[in-house]
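Open the model in your viewer and get your selection tool ready. We'll hop from stop to stop, and each time you'll hear what to click on and what to look for.

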Amino acid sequence: MKTKIRTMVLDGVRTAFEKGLLPSDQVPEFEIETPKHEGQGDFSTNIAMMSAKLQKMAPAKIAESIVASMCDSTPTSLGRMLEKIEVAGPGFINFFLSPAAWHPVVDQVLNQDASFGASEMGAGERVQVEFVSANPTGPLHVGHGRGAAVGDAVGNILSFAGFNVQKEYYINDSGRQIRTLGTSVWLRLQQMQGKPVDFPQDCYQGDYIRDIAREVLDNRGKDLADADEKQGIEICARFAADKILAGIRSDLDDFGVRFDNWFSEQSLYDSGRVQSAIENFKEKDLIYEKDGALWFRTEKFGDEKDRVVVRNNGLTTYFASDIAYHDEKYERGFDRVIDVWGADHHGYIKRIDAAVVATGRKSEQFDVILVQLVNLLRDSIPVQMSTRAGAFVTLKDIVDEVGKDAARFMFLSRSYDSGLEFDLELAKKKSADNPVYYVQYVHARISGILNKAKDEGLIDQTDFNVGINLDKLVAEEELKLIKQVAGFREQVEKSAQTLHPHVIFTYLMTLAAAFHAYYNQHKVIMTDKPLSLARLSLVLAVKKVIRNGLALLGVSAPERM
């Protein structure tokens, strides 16, 4: 609809210039917006204010010239589409659309079905979204769950907006934390065999470590019998990491998250990519030696200081493998890389951005989504979460308690750059207070309406392709509902541009509210068959858009509730 309005405005400027009402036919950047107040019309443009300097005229006079020329240039189409156009304030042009202008939206939804709302904005640009990427040192916790929901939804939305998206999990299966994991299991294993050992605080404390130690003993006891401590720790580390990673895969699968690729950090060392990246930057004088360590000149690229890539003990830092990993991503052909991290990694952005730019890419090709913490409440008491101490609520716990749909919808209910209070009791409620129930119920209720219409012989099937008697849809609540449906694509594009999936959450809540308001005021199935058929077309369109929106967030659309 905005495209049609923009075309009318451009035609109006051209006609006004040809008639001598405007001194120039040049058009600056201008907006077509939906006004915040209904009295200001369905759409509004600021073209007159933006053109004042160019036209050397008062904005109100420019607006009047454009409006007069629009009415002269396409009077027939304007008559069908618009009830009126007015100039308001300092020069805004407000457009009031006729009901007939909105009716084709219903047909579009019914015909386009699952593709309604999709966009070609991305033009096939290759984008990689890497998210979760939790160390395989313990089960996923509720914070990982929010990151998983955000990353998965961002990938879905970008795909729907025309981008070529790959979702990836980076397996941190190398380095200090894996060695600590192996040590933790090894020490618990020694305790089980009756050996007196001290268990350091920096080791992983959870009961899952004891469970893994028992499995190691049962499955790899013979290997451990002749192993020294170093070899034993390596055996325990590999076994534990594989075991935990299998659990992570299972938990994510139950959460509805599936990755196109799982990438091993260790593979970067095995292939020599880490050392190659270091040598490459040495040759460019971007890595230098100081105090026995190797440093990357990240300060040169805007970081607050240079960063160590190889410690003075010869061990590489995580930054070294991250340099190689991000270079490898772009070599795979991705135009843009999006990393989803926890908020505590904020200080890491500059150094990775520096590494990206140092390889010849642009900073705009790298984005980081920082996901803020989740405050999980149980009986109004915050639940403590600490992976090392073992006192934490896992993602599996959450999904088992409230279900996948409620968990994902709640995680996406606020912008990820704001903290989130996750109310477990609210997420389990079967009432309108629960956001996911509120939206899903619209889909289920419409399914019931359509089934009833089929049983009464009004329609042959509960899904049909073309809207019928849509000119009957003139009630205020009906038009509001159609307008909400029409705005879906715009919200998809906004969500894709900003990388904020909560935009879709907000849209679905608004659409659900519009449907509930409509349904409370108007019957769908009545003795007036033409009107019933029109309203059945409308509610079917709403059902399809609800389904499409929920799918972007990874939430199901049930037929019954």
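Start by selecting Ala58, in the loop between α2 (47–55) and α3 (59–73). Helices here are DSSP runs of H or I with at least four residues, strands are runs of E with at least two, and both are numbered from the N terminus. With a relative accessibility of 45%, Ala58 counts as partly exposed; buried means under 20% relative accessible area, exposed over 50%, and partly exposed in between (1.4 Å probe, protein chains only). Now add Gln166 to the selection: 108 residues separate Ala58 and Gln166 in sequence, and their C-alpha atoms are 51 Å apart in space.

A quick word on what you're looking at: this is a predicted model, where local features need pLDDT of at least 70 and side-chain atom pairs count only at pLDDT 80 or more, while totals for chains, interfaces and linings use all residues. Residues are numbered from 1 along each chain as its sequence is written, and side-chain values use heavy atoms, with hydrogens and water left out.

Zoom out to the whole chain. You should find 21 helices and 15 strands, and the C-alpha trace spans about 90 × 65 × 40 Å along its principal axes. Of the 561 residues, 51% are buried.

Next, select strand β5, residues 126–130. Is this strand enclosed or open? Four of its five residues are buried, so β5 is largely enclosed by the rest of the structure. Add β6 (residues 164–171), which pairs with β5 in the parallel sense over five bridges; two strands count as paired if DSSP finds at least two bridges between them. To see one of these bridges, click Val129 and its partner in β6, Lys167.

Move on to another sheet. It is open, with three strands in the order β14-β13-β15 and mixed pairing. At the edges are β14 (381–382) and β15 (420–423), each of which pairs on one side only. Strand β13 (residues 374–378) runs parallel to β15, and four bridges join them. Pick Leu377 and you'll find Asp423 of β15 opposite.

Now for the interior. In soluble globular proteins, nonpolar side chains tend to be buried together. A nonpolar core is a set of buried Ala, Val, Leu, Ile, Met, Phe, Trp, Tyr and Cys residues joined through side-chain atoms within 4.5 Å. Which residues have the most contacts inside the largest nonpolar core? Select Phe95, Leu158, Phe411, Phe422 and Leu536; the core they belong to has 148 residues. Helix α21 (residues 529–552) supplies the largest share of this core, 12 residues.

Stay with Leu536 and show its surroundings. Leaving out residues up to four places away in sequence, Leu536 touches Ile449, Leu450, Ala453, Leu458, Ile459, Phe464, Val524 and Ile525; a contact means heavy atoms within 4.5 Å. Apart from the largest core lies another one of 30 residues, including Ala277, Leu286, Val337 and Leu370.

Last, two backbone oddities. Most residues other than glycine have a negative phi. Asp113, though not a glycine, has a positive phi of about 55°. Look for Asp113 in the loop between α5 (99–112) and β5, where it is partly exposed at 26% relative accessible area. Then jump to Asn469, in the loop between α17 (435–455) and α18 (476–486). Its phi is also positive, near 55°, and Asn469 is partly exposed at 30% relative accessibility.
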